[in-house]
Amino acid sequence: MQGSPRLELRSRDVGGHQPRTVAGVDAPRGLDEVRALVRQAMAAGLRLYPISTGRNWGMGSAMPVTDDNLVVDLSGMNRVRSLDLDDGFAVIEPGVTQRQLAAVLRDTPWMLNVTASCADTSVVGNALDRGDGCIRSRVHDVAGIEAVLADGSVVTTGGLDPAGRYHGRVAGPDLTPAFIQHNLGIVTAMAVSLVPRPQTIGLVHGRMGRDQVGAAVGAITGFLRRGNPADGLLRVRELSLTPAGGDWMLPAGVDPGLFTVLGPLMGSDATVELAEELLRKALIEVEGAEALRVVDAAEVSPDDPLYPRALMAQGIPTCRGVHNALGVTSCDLIDEGEMGFLALLPLLPMHARRTEHLLAALRTAVDAHSTALMVEWNFVGKHLANGVIQIFFERGAPGAPYRAHQLRNDGNCLLRGHGCAIYRSDIDHAAADVWSETSTASLGMLHRLKTALDPDGLLSPGRYGA
Ligand SMILES: Cc1cc2nc3c(=O)[nH]c(=O)nc-3n(C[C@H](O)[C@H](O)[C@H](O)COP(=O)(O)OP(=O)(O)OC[C@H]3O[C@@H](n4cnc5c(N)ncnc54)[C@H](O)[C@@H]3O)c2cc1C
């Protein structure tokens with residue numbers, strides 16, 4: 001078992017979580033090395049915590065949930081095992097980054113559902129934590145997985161075959177989702193559904209006064225529920241809440257008086273045109289929405305502030321958004337930078353009045369802890385939005401990290417009090433977030449499943465409750 005200086009360096013996390021002690025870092029290069037590591041760890045009674053690229057910023061970065069784990073850094077396992085350009089599937093290892101997969105797909109009829117995070121984040125790691133891409137939630141990209149279990153055996157799910165080919169979802173129960181936000185195995189490969197490259201990508205962009213946010217959420221909900229003919233994930237974002245006093249911080253260029261409506265409309269020329277018309281109609285009552293632009297993503301020039309989003313909408317990952325948000329020139333500096341960042345990820349109602357109530361409640365927490373936050377609604381479906389609440393703080397300022405963590409704790413309680421469950425968690429709250437929303441009988445079932453496959457609790461202890 002060898003050390004990896006890169007990861008040791010990154011154990012300083014941008015979220016300022018209580019540091020965990022680690023038993024070491026190992027970086028296996030292939031499936032057989034993972035299996036050997038698991039067997040050695042079993043014999044030595046060592047706990048393993050797999051990460052793919054460890055850039056889970058705001059949720060704990062590369063840090064395990066509990067102390068004394070051996071971190072298994074899978075970033076060196078970075079083969080694209082197979083690419084099916086007829087049916088649109090890629091089978092990839094955990095170290096395959098957005099940049100790498102997008103490059104392989106360039107000039108093919110398929111593209112990647114990229115996230116707004118750094119180009120060198122893992123497609124597998126993000127999907128296993130239920131991340132959101134620009135086109136849809138990443139969970140919808142996961143077609144099957146290969147995993148090493150705690151006894152060293154290898155399983156595949158969802159139609160992925162042991163030779164690394166994907167045949168579509170085969171008959172019988174599909175255990176793929178059991179490996180997402182759980183700790184049943186070390187995922188060593190994933191079959192990823194690719195997105196057909198559309199004829200047109202219209203990028204929606206509009207900024208409106210913050211008092212219109214409830215109306216905008218309600219209007220977009222109406223548009224989606226009545227039937228958006230185009231693909232793509234619309235967002236309401238950059239709605240900031242700033243405290244009445246104190247030294248709070250927000251990313252450069254964010255105007256607390258405004259919020260943004262953003263996202264792609266993808267399809268044929270005719271579909272995108274119709275979608276734009278329907279969206280404009282839906283937003284007719286929202287003040288300021290008349291200035292909304294829908295631009296051809298392929299035509300946005302590099303000096304336009306929309307350029308990073310235009311790239312992402314076309315399946316081209318970029319680090320520019322992360323650099324702008326966290327004030328760094330390289331993603332390698334994020335865990336060391338001056339700006340601290342925490343994420344709180346609740347399901348949010350797609351409803352105007354409830355939106356206003358929630359924001360009023362969050363404002364009390366923002367004032368109480370003199371720390372600013374930004375709220376984002378990712379409209380991943382027709383029922384509930386994936387919320388992303390970003391909390392920014394100055395890491396070196398006395399008391400600022402503490403206040404930011406208190407704001408996230410209080411925000412979590414407030415949101416749950418308003419019926420908004422947490423859908424993605426962090427290393428401090430993963431257990432509580434699962435326990436608080438799961439019945440005793442269901443927790444018992446999860447426990448039985450975990451102990452059947454991993455009786456000694458070898459893998460990712462504490463991750464999502466188990
Ligand atoms: C400005 C900014 C913008 C962001 N935008 C987005 C966004 O648009 N969408 C989004 O989803 N996130 C976003 N993020 C959050 C985060 O950076 C990404 O989610 C990132 O992809 C997660 O890191 P990773 O890919 O390195 O995954 P990892 O950190 O490697 O994995 C995440 C977790 O999954 C588990 N895991 C990973 N690999 C394995 C494995 N092989 N087997 C078993 N368990 C495993 C581990 O518990 C790990 O901690 C953003 C962050 C910032 C700061």
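**View A. Helix 5 and helix 9 make a right-handed crossing.** This close-up, like those that follow, comes from a predicted model. Helix 5 covers residues 213-227 and helix 9 covers residues 352-368. Their axes come within 7 Å and cross at roughly 140 degrees, which means that helix 5 lies oblique to helix 9. On the helix 5 side, look for Val213, Gly214, Ala215, Val217 and Gly218. Facing them from helix 9 are Ala352, Thr355, Glu356 and Leu359. Sorted by class, the contact of helix 5 with helix 9 has five nonpolar residues, three polar ones and one that is charged.

**View B. Helix 9 also packs against helix 10, with the two axes 9 Å apart.** The angle here is about 150 degrees, so helix 9 runs roughly antiparallel to helix 10. This crossing, of helix 9 and helix 10, is right-handed. Helix 9 brings Leu358, Ala361, Leu362, Thr364, Ala365 and Val366 to the meeting. From helix 10 come Leu407, Asp410, Gly411, Leu414 and Leu415. Taken by class, the contact of helix 9 with helix 10 holds eight nonpolar, two polar and one charged residues.

**View C. The largest cavity has a volume of about 70 Å³.** The structure holds three cavities of 30 Å³ or more, and this view takes you to the largest of them. To find your way around its lining, pick out Cys134, Leu203, Leu233, Arg235 and Leu262, then Gly263, Pro264, Arg309, Met312 and Ala313. Which elements give two or more residues to this lining? They are strand 13 (258-267) and helix 7 (307-313). The lining of the largest cavity is made up of seven nonpolar residues, one polar residue and two charged ones.

**View D. The second largest cavity encloses about 60 Å³ of space.** Among the residues that line the second largest cavity are Asp247, Trp248 and Met249, together with Ser370, Thr371 and Ala372. Phe392, Phe393, Glu394, Ala397, Ala400 and Arg403 line the second largest cavity too. Strand 17 (384-394) and helix 10 (400-417) each supply at least two residues of this lining. Strand 17 gives the most, with three residues. Helix 10 will be familiar from View B, where its Leu407 is one of the residues that meet helix 9. By class, the lining of the second largest cavity divides into seven nonpolar, two polar and three charged residues.

**View E. The second largest pocket offers about 410 Å³ of space.** In all, 19 residues line the second largest pocket. Which of them are the closest to its centre? Look for Arg130, Gln181, Ile422, Tyr423 and Val434. Strand 18 (422-424) and helix 11 (430-437) each supply at least two residues of the lining of this pocket. Sorting the lining of the second largest pocket by class gives eleven nonpolar, four polar and four charged residues.

Methods:
Residues are numbered from 1 along each chain as its sequence is written. This is a predicted model: local features need pLDDT of at least 70, side-chain atom pairs count only at pLDDT 80 or more; totals for chains, interfaces and linings use all residues. Side-chain values use heavy atoms; hydrogens and water are left out. Axes are lines fitted to C-alpha atoms, for helices over the stretch in contact, and angles run from 0 to 180 degrees between N-to-C directions. Helices (H or I, at least four residues) and strands (E, at least two) are DSSP runs, numbered from the N terminus. Angles under 35 degrees count as roughly parallel, over 145 as roughly antiparallel, 65 to 115 as roughly perpendicular and the rest as oblique. A crossing is left-handed if the near helix is turned anticlockwise from the far one by less than a right angle, and right-handed if clockwise. Contact means heavy atoms within 4.5 Å. Ala, Val, Leu, Ile, Met, Phe, Trp, Tyr, Cys and Pro count as nonpolar, Asp, Glu, Lys and Arg as charged, and the others, Gly among them, as polar. On a 1 Å grid over the protein atoms alone, a cavity is a set of points where a 1.4 Å probe fits but cannot get out, and a pocket is an open set with protein on both sides within 12 Å along at least five of seven lines; lining residues have an atom within 4 Å of a point. Grid points are joined across faces, edges and corners, and a volume is the space filled by probe spheres set on the points.
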